[in-house]
Amino acid sequence: VSRLLRKINYNIELIEVKRFLIGNEEIILLNKLEEEPELQKRTVRGLEIYDKEFHKSNRNKKSVDELFRVVDEIEKIVKKRSWNLEKKLNKYYIGFKSGFLLAFGVHWLGAKSFGVFFKVQPKKLAEFKKICPYEFKYDKQWKQAIIKYDKINIHKLEKAFKWAYDCLVER
């Protein structure tokens with residue numbers, strides 16, 4: 001109704017009237033109706049595909065090639081160990097998940113740089129420090145250890161990948 005009132009050029013107030021009978025008593029409630037805000041209409045976007053071409057259009061091309069080379073190496077480790085993990089490509093990271101839980105992956109730190117991340121619960125951080133051969137930064141918000149990729153050897157991280165997978169399986 002309020003939509004139709006906007007089309008009329010008169011100042012109109014709507015009042016809702018409710019009448020109740022309780023025994024011999026009659027109660028009348030009056031309620032002034034407020035104008036409903038108009039919902040904004042916008043176009044709908046479809047599901048985007050975050051493949052290599054998408055990343056190349058938004059990032060440094062050499063870095064994208066290197067990131068996907070690292071992801072391929074990690075995928076070989078996952079297949080070699082027969083882990084039940086699925087590779088999932090997203091806008092800002094490529095992760096290896098079981099269901100909706102992430103174990104590890106690679107994510108963008110900027111337009112050119114990226115890092116390898118491992119999901120680590122805060123109580124298991126000391127345990128992860130013993131296993132990881134590289135320095136890392138811990139992100140408390142996402143509960144993950146991030147190793148900036150500077151020509152590191154992915155195969156030296158195999159113990160860390162196994163540890164992250166075992167922690168995922170425990171949950």
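## A walk from helix 3 to the hairpin

Select E75 and K87 to begin: in this predicted model, their side chains meet in a salt bridge, with N and O 3.3 Å apart. E75 lies in helix 3 and K87 in strand 3 (residues 86–89), so the pair ties together parts that are twelve residues apart in sequence. Colour by accessibility and K87 comes out as partly exposed, at 29%.

Stay on helix 3 and pick K80, then add E158. Here is another salt bridge, 3.4 Å from N to O. K80 belongs to helix 3 and E158 to helix 5, so this contact links parts that are 78 residues apart in sequence. Is each partner buried or exposed? K80 is exposed, with a relative accessible area of 57%, whereas E158 is buried at 13%.

Next, show the nonpolar core. The largest one has 37 residues, and the members that touch the most others are F104, F118, L157 and F161. Several elements each supply at least two residues, among them helix 3 (61–80), strand 5 (101–108), strand 6 (114–119) and helix 5 (158–170). Which element gives the largest share? That is helix 3, with eight residues.

Now for the cysteines. Select C167, which you will find in helix 5, and bring up C132 as well. How many disulfides are there? The count is zero. For C132, the nearest cysteine sulfur is that of C167, 13 Å away, and a disulfide needs the two sulfur atoms within 2.5 Å. C132 is buried, with a relative accessible area of 9%, and C167 is buried too, at 12%.

From C167, jump to G23. It's quite a trip: the two are 144 residues apart in sequence and 68 Å apart in space, C-alpha to C-alpha. G23 sits in the hairpin of strand 1 and strand 2, with two residues between the strands, and takes a positive phi near 65 degrees.

Show both strands of that hairpin. They run antiparallel and are joined by nine bridges. For a cross-strand pair, select L21 and look across to E26 in strand 2, which stands opposite. How well covered is strand 1? Hardly: the count of buried residues among its nine residues is zero.

Turn on the surface and select I15, V17, I28 and L30. Together they make a nonpolar surface patch of about 430 Å². Strand 1 (14–22) and strand 2 (25–33) are the elements that give two or more residues to this patch. Click on I28, which is found in strand 2. Why does I28 count as exposed? Its relative accessibility is 52%, and the cut-off for exposed is over 50%.

While you're on strand 2, pick K32 and then E13. They form a salt bridge, the closest N and O atoms being 3.7 Å apart. K32 lies in strand 2 and E13 in the loop between helix 1 (2–7) and strand 1, so the contact ties together parts that are 19 residues apart in sequence. E13 is exposed, with a relative accessible area of 54%, while K32 counts as partly exposed at 46%.

Last stop: select K52, K56 and D65, which are linked in a network of salt bridges. If you'd like to keep hunting, a search of the whole structure finds twelve salt bridges.

Terms used. Residues are numbered from 1 along each chain as its sequence is written. This is a predicted model: local features need pLDDT of at least 70, side-chain atom pairs count only at pLDDT 80 or more; totals for chains, interfaces and linings use all residues. Side-chain values use heavy atoms; hydrogens and water are left out. Patches are made of residues with over 30% relative accessible area and no salt bridge: like charges are joined within 9 Å, nonpolar side chains (Val, Leu, Ile, Met, Phe, Trp, Tyr) within 5 Å. Accessible areas come from the Shrake-Rupley method with a 1.4 Å probe; for residues, only the protein chains shown count as cover. A salt bridge is a side-chain nitrogen of Lys or Arg within 4 Å of a carboxyl oxygen of Asp or Glu. Helices (H or I, at least four residues) and strands (E, at least two) are DSSP runs, numbered from the N terminus. Buried means under 20% relative accessible area, exposed over 50%, partly exposed in between (1.4 Å probe, protein chains only). Two strands pair if DSSP finds at least two bridges between them. A nonpolar core is a set of buried Ala, Val, Leu, Ile, Met, Phe, Trp, Tyr and Cys residues joined through side-chain atoms within 4.5 Å.
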